[in-house]
Amino acid sequence: MAQKVQFVETVLRDANQSLIATRLPFDKFAPMLETIDKAGFYAAECWGGATFDVCLRYLNEDPWERLRKIRAAMPNTKLQMLLRGQNVLGYSHYPDDFVKLFVAKAVENGIDVIRIFDALNDVNNLKVAMEATVKAGAIASGTISYTTSPVHTHASYVKMVKELKEMGASTICIKDMAGIMGPQEAYDMVSAIKDAVDLPIDLHTHSTTGLAFMTYLKAVEAGVDIIDTAISPFSGGTSQPATETLAYALRQLGYEVNLNDDCLVEMSNYFKGVRDEFVADGTMMPKSMATDTQCLTYQVPGGMLSNLLSQLKQMNALDRFEEALAETPKVRKDMGYPPLVTPTSQMVGVQAVRNVLDGERYKTVSKEIRAYCRGEYGRTPAPIDPEIQKQILGDEKPIEGRYADTLKPVVEDTRKKLGDLAKTDEDVLSYIAFPNLAEKYLQERKAKEENVATYTIVEA
Ligand code: CO
């Protein structure tokens, strides 16, 4: 019997986020939801990550309403979201009551699969979200943030995977956010995890360095169950490799791929038009579509390189780029080899630039790095360099245990504070996640409703 390979389509979330900064409004993809629903994907990744923030900040959309509308249009396909563990959809840790309610409401509004990761791979930061997902009856996809360092070994990843299974993971995701995983590494890592646990494995990578097609192929040879791809007009570059290409190649190699080609053609034709609009208005830049192998040379994710460049440009110090680049892995080592993913990539990059421009290491540190050294982001993969930690914290002691245990519940107080501005728990959650953005949205909604009400009375 042929080995079956299943696909997660990412056009609505990761491809959208990677290529056009998540600017796809609901109305632009709505006409394709029925087709995506019929195409036979394992899941459609459509929510979480940056979509929530961008809906409120730029698109004037209620992210919850977006989810409900997707759910209504796609009754047959699992809907998947990306969740940053205890950070939920933000950049620092939230109290447990918020994490639990957020997960419960995400599932209630239509999510089937929650991919849960932590920037440090600290399982203590995944536990509450994982358990809440299982309790809500959804699929908890326990996720490894893939990185390379002397302390990131197959043994360390296998240990983590076993802990994820213990916490109730129904699938395991290997998340290679920087697209730096090569084909042999994929083969070896998938094999090691397959040997350790009997859970379906999903490999998630990006085309950034050009390795992705080869990496997926070798992962499939090692028995990977699910791969993440994007419909061709939104594939390549910083996004995922193309859905149609992988379906074609894997079928030719004798694997079972249950995707409907007519649906894929329809999606491809439609999204070509959408892509052209975003190219025309400058949102989709040629740079994000290109192959960039610098990440392999420097072991720094593509997004970080462009952040380094723009920071140095702002400070009129572009000539220090090579130095800042060389400093980045040193800061990462000092900080105990965190995987470079939101928010650690930003923190490490900013610190590297400061160290170079100050002419003295850790003379100035951001409040995020200070919090990191205090233990507010969790347990680091290797210990933070003790001397540097001491230099940054002075006499202050790092916290023991889980930072979220020190945080007070937030939901009840926020509900009271918002009064009738918040009509639902979802409104309260939006406000806790992004107070300023949500308040503006809720005020505008209220004003609009009052106008409508006045108008109705006049009419009557
Ligand atoms: Co991704």
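These are my notebook entries on a metal site, two nonpolar cores and one loop residue in a predicted model.

**Metal site.** I began with the cobalt ion and looked up which protein atoms serve as its donors; I found Asp 14 through OD, and His 204 and His 206 each through NE2, lying 2.1 Å from the ion. Reading along the chain, I noted that these donors follow the spacing D-x189-H-x1-H. I then checked the two histidines for exposure, and both His 204 and His 206 turned out to be buried.

**Cores.** Next I turned to the largest nonpolar core, which has 106 residues, and in which Phe 7, Ile 36, Trp 47, Phe 102 and Phe 271 touch the most other members. Helix 6, residues 96-108, supplies the largest share of this core, with seven residues. Apart from this core I found another, made of 29 residues and including Phe 321, Val 348, Tyr 362 and Ile 388. I also followed Ile 36 and listed its contacts beyond four places in sequence, which are Val 11, Leu 12, Phe 41, Ala 44, Met 74, Thr 77, Met 267 and Phe 271.

**A loop residue.** Last, I looked up Leu 199, which sits in the loop between helix 9 (183-196) and strand 7 (201-204). Is Leu 199 buried or exposed? I record Leu 199 as buried because its relative accessible area is 12%, under the 20% cut-off. Setting aside residues up to four places away in sequence, Leu 199 touches Lys 165, Ala 169, Ser 170, Ile 172, Lys 194 and Asp 225. For one of these pairs I noted the spacing as well: Leu 199 and Ala 169 are 30 residues apart in sequence, and their C-alpha atoms are 8.3 Å apart in space.

Terms used:
Residues are numbered from 1 along each chain as its sequence is written. This is a predicted model: local features need pLDDT of at least 70, side-chain atom pairs count only at pLDDT 80 or more; totals for chains, interfaces and linings use all residues. Side-chain values use heavy atoms; hydrogens and water are left out. Donors are N, O and S atoms within 2.8 Å of the metal (3.2 Å for Na, K and Ca); water is not among the atoms, so sites may look incomplete. Buried means under 20% relative accessible area, exposed over 50%, partly exposed in between (1.4 Å probe, protein chains only). A nonpolar core is a set of buried Ala, Val, Leu, Ile, Met, Phe, Trp, Tyr and Cys residues joined through side-chain atoms within 4.5 Å. Helices (H or I, at least four residues) and strands (E, at least two) are DSSP runs, numbered from the N terminus. Contact means heavy atoms within 4.5 Å.
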